[in-house]
Amino acid sequence: MFRYLRDPLFISGWCLYAFNRWLLKPHLPAGETFFRGHFNDLLLVPCVLPLLLLLHRRFSLRLTDAPPTAREVALHLLVWSIYFEFVGPLFFVAATADAWDVLAYWTGGLVAWAVWNRPARKIFVNKRPKTLLTIYPCNPRMK
């Protein structure tokens, strides 16, 4: 079951975003490009998609509470890439088109999808391991 706003990746993404935005960026040199320009783009899917999927669920556009599918992630990435990097710069003076941003969106989205859809770990709760002595006890009182 997908936990939407309580998802660990969602919470971690917002913590990393805040750390980068308010604590790291102000202390970086002016020429630094990754943390100033692309790190937060990697966090787009983990930070925004759970919120949108929760809204989709509330309005019955999403019928399940399963982790995001590859189709859901790819569709949102396609729309965001076109809007933020092609349409946005046509209408907003401060916006610039950057193919590296698109690569960062898709890389973050792929990693987020892989984390959300990793196979569940099997947890064995075995208080007493089975050995030959517990299966075939030598002492009749152990039965």
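## Largest pocket

The lining of the largest pocket holds 9 nonpolar, 2 polar and 4 charged residues. Nonpolar covers Ala, Val, Leu, Ile, Met, Phe, Trp, Tyr, Cys and Pro; charged covers Asp, Glu, Lys and Arg; the others, Gly among them, are polar. The model is predicted: local features need pLDDT of at least 70 and side-chain atom pairs count only at pLDDT 80 or more, while totals for chains, interfaces and linings use all residues. Residues are numbered from 1 along each chain as its sequence is written, and side-chain values use heavy atoms, with hydrogens and water left out.

The largest pocket offers about 350 Å³ of space. Its lining has 15 residues, and those closest to the centre are Asp41, Phe84, Glu85, Asp101 and Tyr105. Five elements give two or more residues each to this lining: α1 (8–24), α2 (34–42), α3 (44–58), α4 (70–91) and α5 (99–116). The top contributor is α3, with 3 residues. A pocket here is an open set of points on a 1 Å grid over the protein atoms alone, where a 1.4 Å probe fits, with protein on both sides within 12 Å along at least five of seven lines; lining residues have an atom within 4 Å of a point. Grid points are joined across faces, edges and corners, and the volume is the space filled by probe spheres set on the points.

## Second largest pocket

The second largest pocket has a volume of about 230 Å³. Its lining consists of Met1, Phe2, Arg3, Asp7, Pro8, Leu9, Pro67, Val115, Trp116 and Arg118. Two elements, α1 and α5, give two or more residues to this lining. By class, the lining splits into 7 nonpolar and 3 charged residues, with no polar ones.

## Overall fold

The chain has 6 helices and 0 strands. Its pattern along the sequence is α-α-α-α-α-α. Helices (H or I, at least four residues) and strands (E, at least two) are DSSP runs, numbered from the N terminus.

Of the 143 residues in the chain, 27% are buried. Buried means under 20% relative accessible area, exposed over 50%, and partly exposed in between (1.4 Å probe, protein chains only). Contacts (heavy atoms within 4.5 Å) often span the sequence: among those between residues at least 6 apart, 63% join residues at least 24 apart.

## Helices α1 and α2

Phe10, Gly13 and Asn20 are buried in α1. Seen down the helix axis, the buried residues of α1 fall within an arc of 100°, so they line one face. The arc is that of the directions from the axis to the C-beta atoms. Trp22 and Leu23 are exposed on the other side of α1. The buried residues of α1 pack against α2 and α3.

In α2, the buried residues are His38, Phe39, Asn40 and Asp41. They pack against α1, α3 and α5. Asn40 has a relative accessibility of 18%. Leaving aside neighbours within four places in sequence, Asn40 contacts Tyr17, Asn20 and Lys25. One of these, Asn20, is itself buried in α1. Asp41 is also among the residues closest to the centre of the largest pocket.

## Ser81 in α4

Ser81 sits in helix α4. It is buried, at 5% relative accessible area. Beyond its neighbours within four places in sequence, Ser81 is in contact with Phe86, Val102, Tyr105 and Trp106. Of these partners, Tyr105 is also listed among the residues closest to the centre of the largest pocket.

## Cysteines

The whole structure has 0 disulfides. A disulfide is a pair of cysteine sulfur atoms within 2.5 Å. Cys15 is in no disulfide, and the nearest cysteine sulfur, that of Cys47, is 9.1 Å away. Cys47 has no bond to Cys15 because that separation of 9.1 Å, to the closest cysteine sulfur, is too far. Cys47 is buried, with 5% relative accessible area.

## Positive phi angles

Tyr4 has a phi near 50°, a positive value in a residue other than glycine. Tyr4 lies in the segment before α1. Its relative accessibility is 7%, which counts as buried.

Ser60 also has a positive phi, near 60°, and is a residue other than glycine. Ser60 belongs to the loop between α3 and α4. This residue is exposed, at 54% relative accessible area.
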